[in-house]
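Q: Please take a close look at the salt bridges in this model. Which residues pair up, and where do the partners sit?

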Amino acid sequence: MSTQRLTVAQALVKFLAAQFTERDGREERLIRGVWAIFGHGNVSGLGQALEEYGDAVGLPTYRPQNEQAMVHAAIAYAKHKNRLSTFACTASVGPGSTNMLTTAATATVNRLPVLLLPSDYFANRLPDPVLQQLEHPLEHDVSVNDAFRPLSRFFTRITRPSQLLSALPEAMRVLTDPAETGAVTLCLPEDVQTEAYDWPEGFFAKRVWRIRRPTPEPEVLEQVAELIKRAKRPLIVTGGGTLYSEAHTQLAAFAQTYGIPVAESQGGKGALPWDHPLCVGAVGSNGGTAANRLAKEADLVLAIGTRLGDFVTASKTAFENPEVKFVGVNVLPFDAAKLNGLSLVADARRALEALGQALKGFAGTPASYREEVERLKREWDETVAAYRTPRPEKKEMAQAEVIGLVNEVYGGKATVICAAGSLPGDLLKLWRCEDPKAYHLEYGFSCMGYEIPAGLGVALAEPGREVVVFVGDGSYLMMNSEIVTAVAEGLDFTVMLIDNKAFGSIRGLQMSLGSPSFNNELRARNPQTGRTDGPPVGVDFAAHARAMGARVWSPRNYRELEEALKEARKARGVRVIVVPVSLDDRIPGFEGWWDVPVAEVSSQPGVRKAREDYEAYLKKQRRYF
């Protein structure tokens, strides 16, 4: 057997460059490149290997400013590529690697593939304790990287070169399995990275991992078809799995053929264009009146590619019909069985195609139900239009109206990106998508700081696509450094920096639960009260973004905002538009609820009243389906 003598790091680089995915005849690189921040734990191992071999084998290296941000970028890239391609991310020992813990959780919660390569202590233990090493008095082999274990879908530590031969194929299997994917973590001790080994030539041969499309079991398919035929008020709830499966065309045809309305989760928005006659908008805590009223009386819910999180189910208050039944269409049995549903374990596209065949000859839902759906959709569309329309007479701009104006200027095919705060709820209700990739929300983990790095990921995934990043001032202050990276890489996207001088979402939630505003507004500490209720802290976001190389606009009203948007859309590079908005001009909820417990005992009247309201909602909460 012929061999190559390479270090562990060099072998890793050559192996990753030879991995591809294939689905429906389309081939992609599995690992598009490597995001890397070097330190003493990886500069002489992976750093050396990437410099010598990376570009030669088609595995380029990208230099970010923050370890958490680079994984956000990789996650966003994978999401936009429908999980067919991703990045590897390497960091040095200690804080560099632990900076990736938050994003490991983000990837796994969202079922998105990313390969993490944290550096680790010396396997030979001779220099212990090495700089930045955690020492544990009872477990000599413990490392800070063990914290990745519960956050990863696959975890291993490579302590001998030969272990790479079995670990890497298994890591690739998990990355490419639509049911198992998430963060995959290979810990690499800094000495092992540099050790040489005689690797079999076949280890570096091109391998194409076929992304499977599991088909539904005929027996279960027959049961589901019968449930649909008997249902009088069926409702589809579409999630991210519909989009990852590229099943949007099949979903539209299925809904149209059988007259079944489609409600959206954060992950599933965009599966149907907003003006499709059966797209009834968002459902649940952040939902609209059309979807929430249909959900309330639905007798059958087809949950396609969604994990049915609490925002979708309105903390299990959305579906009030005592006879309601659920069907979970999902590649992951764990998700398919939720809400005591009948599990149709299958790829979304294959499931919809098979259901269409099983329902041939079925006339679909009653005419009266279709008329009701049409009316509710029309009323909801009118409500959305009213909240999106700028009202120049207002003293301050409103977030909802800013969203509407941006959507009008950029259109429904640009990709909008967001993750946290009040923006995701407003975007879910108000942003009008005309393309399956027009809506990119990280709402599984709702990780503040995701937004701007995600702009990099989407821009790399589809050069030429218009990208609009919405980020609140609080999230911007947490993670803005990747503007520098985007400028260095020559990437194009627009950042809408919405400045309400607060963690406005949580402030609003806090006050809705009876408490006064406390510690959520961006204010100086008051020497009289000892609290952060002094004067507002002025942050010159425009100067800050400009200093990092962005082109910046600071509109003060809707007319200036529209002009800025049109100019930014024609410009290249990173464009930041800083928009001050009202802290209190918020859109209401639309018959959705979210379970956030309220203090059971308080001297504050507002809290006591909120507790009464909370207990009333608890009575509506389903304990069992």
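A: Asp24 counts as partly exposed in this predicted model, because its relative accessibility of 34% falls between the 20% limit for buried and the 50% limit for exposed. Its salt-bridge partner is Arg349, with 3.4 Å between the closest N and O atoms. Arg349 belongs to helix α14 (residues 348-358) and Asp24 to the loop between β2 and β3 (26-29), so this salt bridge ties together parts 325 residues apart in sequence. Unlike Asp24, which is partly exposed, Arg349 is buried, at 18% relative accessible area.

Glu22 also takes part in a salt bridge, with Arg210 at 3.8 Å from N to O. This pair links distant parts of the chain: Glu22 is in strand β2 (residues 19-23) and Arg210 in strand β11 (residues 207-210), 188 residues apart. Glu22 is buried, with a relative accessible area of 18%, whereas Arg210 is exposed at 51%.

Within helix α15 (residues 367-388), Lys377 and Asp381 are 4 residues apart, so about one helical turn separates them. Their closest N and O atoms are 3.2 Å apart in a salt bridge, and both residues are buried. Elsewhere, salt bridges with shared partners join Glu170, Arg173, Asp177, Glu180 and Arg212 into one network. Of these, Asp177 is located in the loop between α6 (164-176) and β9 (183-189) and is buried, with a relative accessible area of 11%. The side chains of Asp177 and Arg212 are joined by a polar contact of 3.0 Å. The structure holds 43 salt bridges.

Definitions and conventions: Residues numbered from 1 in each chain as written. Predicted model: local features only at pLDDT ≥ 70, side-chain atom pairs only at ≥ 80, totals over all residues. Heavy atoms only, no water. Helix = DSSP H or I, 4+ residues; strand = E, 2+ residues; numbered from the N terminus. Buried < 20%, exposed > 50% of the residue type's maximum accessible area, 1.4 Å probe, protein only. Polar contact = N/O pair within 3.5 Å; in protein donor to acceptor, adjacent residues only side chain to side chain. Salt bridge = Lys/Arg side-chain N within 4 Å of Asp/Glu carboxyl O.
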